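Me: Please take a close look at one part of this structure, the packing of two helices in one chain, and then connect that part to the rest.

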2 protein chains.
Amino acid sequence: MDPYRVIEVKQSVFADNNKDADALRRELKAQGTFLVNLMSSPGSGKTTTLTKLLAALPPEIKTGIMEADIDSDVDAGTIAATGTRVIQLHTGGMCHLDADMTRQGVRQLGTEDLDLVILENVGNLVCPAEFDTGAALNMMILSVPEGHDKPLKYPLIFQVCDAMIINKIDVLPYFDFDMEKVEQYARMRNPNIRIFPISAKTGEGVQALAHWLAEQTRGWKEKEPL
Amino acid sequence: MDPYRVIEVKQSVFADNNKDADALRRELKAQGTFLVNLMSSPGSGKTTTLTKLLAALPPEIKTGIMEADIDSDVDAGTIAATGTRVIQLHTGGMCHLDADMTRQGVRQLGTEDLDLVILENVGNLVCPAEFDTGAALNMMILSVPEGHDKPLKYPLIFQVCDAMIINKIDVLPYFDFDMEKVEQYARMRNPNIRIFPISAKTGEGVQALAHWLAEQTRGWKEKEPL
């Protein structure tokens with residue numbers, strides 16, 4: 001058997017994506033699965049962060065991954081090598097996932113026995129932020145080489161995210177990246193955003209992120225039904 | 001007077017963007033203005049590359065810049081500081097520019113006396129590649145920290161670009177970026193793509209890029225009418 005399957009997801013036929021997203025969120029809550037939508041620019045290190053996060057999460061939290069891309073199976077292959085259940089979603093040119101596309105992935109992955117599912121969205125700071133996927137938590141990565149001014153230029157994604165991971169802090173000495181400014185700009189967009197500076201390469205900061213994500217996953221299970 | 005104006009561009013009412021793009025291209029050809037559409041991910045260094053390029057272009061090539069962003073005037077401010085004619089376009093949430101939005105910018109910038117106009121598109125590897133802006137040349141930046149696998153994941157932008165700038169080569173020692181592989185993958189998408197490795201930070205490679213762009217600008221003027 002192949003280590004992962006590739007699914008061509010089709011754009012939603014539902015007119016009201018928000019309603020559909022709420023329905024998916026309720027379904028997943030009922031089965032006790034915490035869905036996280038991970039967004040970022042291309043090349044900010046989503047997949048590398050996931051491989052480190054998977055190793056750092058407590059083993060009792062059963063986790064699955066959905067990799068979304070316009071084309072290629074590079075990322076699902078990387079995740080499959082860690083032994084984690086993973087599926088590759090191809091959007092066929094689409095720049096984002098909506099709730100129904102996410103549901104197609106959830107069905108194909110098989111999530112009934114999973115506590116945590118992380119959806120790696122298409123690399124894009126604009127469009128994914130506009131579509132509720134049905135996730136219980138939105139998380140984004142901003143990497144040091146991208147610069148600290150991104151919350152000024154791409155406001156929505158910072159508004160809709162519960163947490164911002166600042167990746168590639170190992171290369172801080174080689175870039176003009178101001179950690180204080182990025183926090184200030186991000187909080188202008190979302191005063192409650194949680195910030196996790198990490199290096200997916202060296203592993204620095206990943207433990208704190210994994211700890212927080214495990215807490216969120218457990219908290220979701222204990223919450224009243226939606 | 002302010003060093004630059006900010007224009008809220010509205011989405012096109014034209015059903016056929018390709019036809020509209022051809023019309024804009026003909027208009028600009030008739031007045032001898034070479035329009036370049038510069039695309040990339042957020043944070044790959046489009047604006048920094050432009051500031052270096054502006055200094056390296058032959059002074060007889062009169063150049064103007066159109067900065068497109070969802071929000072903020074950060075980039076127009078940076079370009080205005082170089083003394084170049086510049087305008088900031090706000091897309092109001094839109095992830096790309098179409099031909100009519102580009103025309104609105106061209107009109108407001110005033111391009112009759114310009115030989116070269118560079119449009120810095122919204123930072124996004126997906127959507128801008130789908131819309132012909134009316135430019136005579138498409139150019140993209142891929143920066144070293146983004147990784148060499150991007151042509152596998154975002155095929156269209158590599159297909160539609162005449163040239164790929166590989167920026168931030170000064171940080172090659174700190175990233176696992178394979179220059180041979182990126183060239184191989186990019187040529188899988190577009191065998192004729194021109195490749196310019198540069199560091200906008202140190203200036204390395206910018207002269208070769210400026211030389212080529214000046215040649216393209218002159219060649220456009222000498223071409224038969226479209």
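Reply: In this predicted model, helix 1 (residues 17–30) and helix 4 (residues 99–109) of chain A pack with their axes 8 Å apart, at an angle of about 30 degrees. Angles under 35 degrees count as roughly parallel, and helix 1 of chain A and helix 4 of chain A are therefore roughly parallel to each other. Helix 1 of chain A brings Asn17(A), Asp20(A), Ala21(A) and Leu24(A) to the contact, while helix 4 of chain A brings Ala99(A), Asp100(A), Thr102(A) and Arg103(A). By type, the residues of this contact divide into 3 nonpolar, 2 polar and 3 charged.

Next comes the sheet of chain A. Its 8 strands form an open sheet with parallel pairing, in the order 1-4-3-5-2-6-7-8. Strand 1 (5–8) and strand 8 (194–197) of chain A are the edge strands, and each pairs on one side only. From one strand to the next, the twist averages 20 degrees. Within this sheet, strand 3 (residues 63–69) and strand 4 (residues 85–90) of chain A run parallel and are joined by 6 bridges. Gly64(A) stands opposite Arg85(A), a residue of strand 4 of chain A.

Chain B can be described in similar terms. Here too 8 strands make an open sheet with parallel pairing, and their order is 1-4-3-5-2-6-7-8. Strand 1 (5–8) and strand 8 (194–197) of chain B each have a single partner strand, so one side of each is left without a neighbour in the sheet. Neighbouring strands of the sheet in chain B are turned by 20 degrees against each other on average, direction ignored. Strand 8 of chain B is joined by 4 bridges to strand 7 (residues 163–167) of chain B, and the two run parallel. Across this pair, Ile165(B) stands opposite Phe196(B) of strand 8.

Helices of chain B lie across its strands. Helix 4 (residues 99–109) of chain B lies across strand 1, strand 3, strand 4 (85–90) and strand 5 of chain B, and runs at about 145 degrees to strand 4. Helix 2 (residues 46–56) of chain B lies across strands including strand 2 (34–40) and strand 6 (137–143), and it runs at about 165 degrees to strand 5 (116–120) of chain B.

Helix 2 of chain B also meets another helix. Its axis and that of helix 8 (residues 206–222) of chain B come within 9 Å and cross at roughly 65 degrees. That makes helix 2 of chain B roughly perpendicular to helix 8 of chain B. The crossing of these two helices is right-handed. Lys52(B), Leu53(B) and Ala56(B) of helix 2 make the contact with Val206(B), Gln207(B), Leu209(B) and Ala210(B) of helix 8. The residues of this contact divide into 5 nonpolar, 1 polar and 1 charged.

Finally, the two chains touch each other. In chain B, 28 residues are in contact with 28 residues of chain A. Helix 5 (residues 150–153) of chain B gives the largest share of the side of chain B that touches chain A, 3 residues. That side divides into 14 nonpolar, 7 polar and 7 charged residues. A rotation of 180 degrees, with 0.0 Å of shift along its axis, superposes chain B on chain A with an RMSD of 0.0 Å. That is the relation of a two-fold axis. Of the interface residues of chain B, 100% are also interface residues in chain A, so the copies meet through the same surface.

How values were computed. Residues are numbered from 1 along each chain as its sequence is written. Chains are lettered from A and ligands numbered from 1 in the order in which they are written. This is a predicted model: local features need pLDDT of at least 70, side-chain atom pairs count only at pLDDT 80 or more; totals for chains, interfaces and linings use all residues. Two strands pair if DSSP finds at least two bridges between them. Axes are lines fitted to C-alpha atoms, for helices over the stretch in contact, and angles run from 0 to 180 degrees between N-to-C directions. Two residues are in contact if their C-beta atoms, placed from the backbone, lie within 7 Å. Angles under 35 degrees count as roughly parallel, over 145 as roughly antiparallel, 65 to 115 as roughly perpendicular and the rest as oblique. A crossing is left-handed if the near helix is turned anticlockwise from the far one by less than a right angle, and right-handed if clockwise. Ala, Val, Leu, Ile, Met, Phe, Trp, Tyr, Cys and Pro count as nonpolar, Asp, Glu, Lys and Arg as charged, and the others, Gly among them, as polar. Copies are superposed by least squares on the C-alpha atoms of residues with pLDDT of at least 70 in both.
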